[in-house]
Amino acid sequence: MDQNLLLNVCGLRAGIGDKEILRGIDLQVRPGEVHAIMGPNGSGKSTLAGVLAGDPRFTVYGGSATLGGVDLLALSPEDRSHEGLFLSFQYPVEIPGVSMVNFMRAAVNAKRRYLNLEPLSASEFLKMMRQKRAIVELDNKLASRSVNEGFSGGEKKRNEIFQMAVLEPRLAILDETDSGLDIDALRIVASGVNKLKTNQNATIVITHYQRLLDYIKPDVVHILYKGRIVHTAGPELALELEEKGYDWIKEQN
Amino acid sequence: MDALAQYLNLYREHSDVLMANAPEALNRPRPRAYERLMSARLPRKGDEGYPALSVEEMFAPDYGVNLRRVPFGVEASEPFRCGVPNVSTLMAFVVNDSFRPTATLERNLPDGVEVMSLARAAEIYPDVVAKHYDALAGAVKLIPTDPHSTADAVMQPSAVSVLNTLLCQDGVFVRVKAGVRCDKPLQIVNISNASAPLLAVRRMLVIVEDGASCSILTCDHAASHDVDYLNCQVTEAFLGRGASLDIYDLEESSARTARHAQLYARQDEGSEFTVNGTTLVGGRTRNSYYVELCGEHARAKLAGMAIGGDEQAVENATCVIHRAPKTESDQLFKNILDDKAEGAFYGSIIVDEKADFTKAYQINRNIVASPSARMHTRPQLEIYCDEVKCSHGATVGQIDENAMFYMRQRGIPERQARMMLMQAFMADVIDTVSIPALKSRLAQLVELRLSGTRELCAACER
Ligand SMILES: Nc1ncnc2c1ncn2[C@@H]1O[C@H](COP(=O)(O)OP(=O)(O)OP(=O)(O)O)[C@@H](O)[C@H]1O
Ligand SMILES: [Mg+2]
C-alpha cells in the first residue's frame, strides 16, 4: 500500500437496504491534494460522502476505506470525525434549542478527549471561536443562535466551513458547499477553504460547477456516474464538462 | 372493598377524630362531600380524560391516614434544602400533610404577604378561608352545558377533589394583599415521610389580590424510596384584577410514590397566571389543571414536562375555560418517555359563547425513546363563539436521526448528542420559568435526569 495515501477507498459498495447506490468505488487521495467529484444528479456523490462519514442510513456491502491507514468503516461516525474526517453537508441540519456555542464546545472537547487532551477553558474556547469566525467572516449573531436554525441557505454553508475551520480536519469533504452562495459569499467561503489548506490535509469538493473550481483549484477531477467513478483526469476535465455536459459520459456507460 | 368505599368507611368511623383535629372552615364542607361521594366512583383508565392512569387503582391500596395529626416524620425536612442558588426564597416544608415553616420564614415575609398553615389561617381568618376554601374545587359547574360535551369528565370536579375535601386537615395558605408585589419567590417543599404506606391529603389555598403578584415554587420529595406514598393534593388559586401568579412545581419523588394533583385557578380581569409542572422522578403521576379566565384580558400559560423512565406513568390533563372576551391561553406540554414509561396528555380548551376575541393555543410534543414506551395524546376543543383564534398540535416522535448524525459527524458522542437533543427539546418548557436562577437550576436538573440520575436531590444539596 502506498504509505502516502491519506484516503484509500477500494471497491466500495454501499446502498440503502437492498438498493445498491455505490457500485465499486476506487478513490485515492494524498495529503496536500484537492480532488473534485462531479457527476449528474443522483449518481451517488452525497452517498459516497455519507458512507465515508458513517451515516447510519447506509449499509456497506463490500470494499474498504481507510483514512491515514485507519479502517474508517470500523469506526463510529464520531470517531471518524476524531480521526480527522469532516463532511460539509449538502443540506446542513437545523437543531433548534442547541446553541452553536454549546454544539461547538461539545465537538471540540470530544475530539480533545479522544486525543487525550484537557478540555479547553472557556476563554480559550471563545478566543478560538472568534479567530475561526473571522476566516469565513461569519456574523457573530449567527454564532449565538441555535445550530443552523433560521439560517439562510448561504449562511448555513458558511457555517459549515466555520466548523471545518474549528475542527481542522485531515480530510474535508465539501458536498455542494457552493450551492446557494452568492458571488461574494462564494469567494469568501472558497478563500476560507484555501486558508485552511496545508500540505498535510486534503479536500474533496463535490460540485456541479466550474465556478467553485475557479477558486478552489483541484489537482484531480473525477466523474461519478451510476455509483462508479467512470472518468478521472486533471482540472481540464471540469472545463470540458462545463462545455459538453454529461451526455458523452452517459453514452459511454 | 372498592377503592373509594374504604375512605368513606374511614370517614364514617372516624369523623369525630378527623373533625376534632381540623378547623371549622375545613370541617364544614365535609358532609356535602360525603353525600356526593356516596354516588360516585373514582376514575378508571379509559374513562374520558383518563387515557393512561387508573385513579381507582392508585387509591386502592390500604394506605394509612394520619387523622390524629401525630407529628411524625417532621425531622425529615432537614436534609431537603432544595436551595436555588442566587434566589433568596421564603421557604416552608409540608411534611406529609403538616405545614412546617422554616425558622426564618415569618421574619422574612414582606409586608402584605402571608404564608402559613391552612389550619392556622382558618383559625385567624375564618371568613377568608370559608369564602375561598373549596369554592373552586367543590363548585365547578360546566358552562356551557352541552349534554354531549366530552370535556365533562375533566371539567367536573373529579371525585378525587371531593375526597380531598372530605379528608383534608391542613395544607398551605398564601395570601398576597392588594397591590403588593412579592419579589422573593415562596418555596414550599413537600416531603413524604413515613415508615408504612401513607396517604397525605393536602391543600393549598392561594389568594393573590388585585394588582398583587408572587411566584411559588413547590417541589415534591420522598424521604424513603422504599415506602409507598400517595399524595392527594388540591390547589385553589384566586387571581384578582391585574394580579400575577407563577407556580413552578417540580416532582422528584420516587418510583413508589403516586401523586394525584389538581390545580384550580380562577382569574379576574387582566390577571396573568403561569404554571409550570415538571415531573422528573415519580411512580404514577396525575396532574390536572383547571383554569377559568373570568375577566377580560386575563392570560394563562400552562406548561409542563415529564421525563419518564422505567415503569413510570405520567398523565397531564388540562381544562382551560375562556369565560370572558379577549382572554388568552397558551398550553405547552412535552414528554420524553423511555423504557416502559407511559405518558398521557389530555388537553381541553373551552371557549364560552361570551368570550369573543379569545386566543387559545395548545401544543403537546412527545419523544418516545424506546419501543416499549407509550404516549397518548388528545386535544379537546369546544368553541361556542365565532371570533376566536385557536390552534392545537400534537406530535409523538423519535429523536431526529438527521440531527443525531450531524452531531456525531462533528465528533459529539452518540450518548451526549442524544442528551443534547433531549435537553433542547425541553428548552421552551424550561423557558416558561421567568426567574433566571430557577430556570438554570431546572435546566440543570433536567440534564441530570436525562443523564440517568434518579437521585436529583443530591445535586441540590451541593
Ligand atoms: N434515503 C434514500 N432512500 C432511497 N434512495 C435514496 C436515498 N438517498 C439517496 N437515494 C438514492 O440514491 C441515489 C444517489 O443519491 P445521491 O444523493 O448520492 O446523489 P448525488 O449524486 O449526491 O445527487 P445530487 O447531485 O442531486 O446531489 C439517488 O438515486 C437517490 O434517489
Ligand atoms: Mg448530493
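**Entry 1, the magnesium site.** I looked up the magnesium ion (ligand 2) and found its protein donors to be Ser46(A), through OG, and Gln90(A), through OE1, lying 2.0 to 2.2 Å from it. I note that this pair links distant parts of the chain, 44 residues apart: Ser46(A) sits in helix H1 (residues 45–53) of chain A, whereas Gln90(A) belongs to the loop between strand E6 (85–88) and strand E7 (95–99) of chain A. I keep in mind that the model is predicted.

**Entry 2, accessibility of the donors.** I then asked whether each donor is buried or exposed. Ser46(A) has 30% relative accessibility and therefore counts as partly exposed, while Gln90(A), with a relative accessible area of 18%, is buried because it falls under the 20% cut-off.

**Entry 3, the contact of the two chains.** I turned to the interface, where 32 residues of chain A meet 17 residues of chain B. Between them the chains bury about 1900 Å², 66% of it on carbon and sulfur atoms. On the side of chain B, I find that Phe405(B), Tyr406(B) and Arg410(B) lose the most area to chain A, together 40% of what that side buries.

**Entry 4, polar links and elements.** I counted two salt bridges between chain B and chain A, and I looked up the one in which the side chains of Arg410(B) and Glu160(A) meet at 2.6 Å, N to O. Across the interface I also have 13 residue pairs in polar contact, both residues at pLDDT 80 or more. The elements of chain B that give two or more residues to this side are helix H10 (401–409) and helix H11 (414–425), and H10(B) supplies the largest share, seven residues. By class, I list nine nonpolar, four polar and four charged residues on the side of chain B that touches chain A.

Methods:
Residues numbered from 1 in each chain as written. Chains lettered and ligands numbered in written order. Predicted model: local features only at pLDDT ≥ 70, side-chain atom pairs only at ≥ 80, totals over all residues. Heavy atoms only, no water. Contact = heavy atoms within 4.5 Å. Buried area = accessible area lost by both parts, 1.4 Å probe. Polar contact = N/O pair within 3.5 Å; in protein donor to acceptor, adjacent residues only side chain to side chain. Helix = DSSP H or I, 4+ residues; strand = E, 2+ residues; numbered from the N terminus. Nonpolar A, V, L, I, M, F, W, Y, C, P; charged D, E, K, R; others polar. Donors = N, O, S within 2.8 Å, 3.2 Å for Na, K, Ca; no water. Buried < 20%, exposed > 50% of the residue type's maximum accessible area, 1.4 Å probe, protein only.
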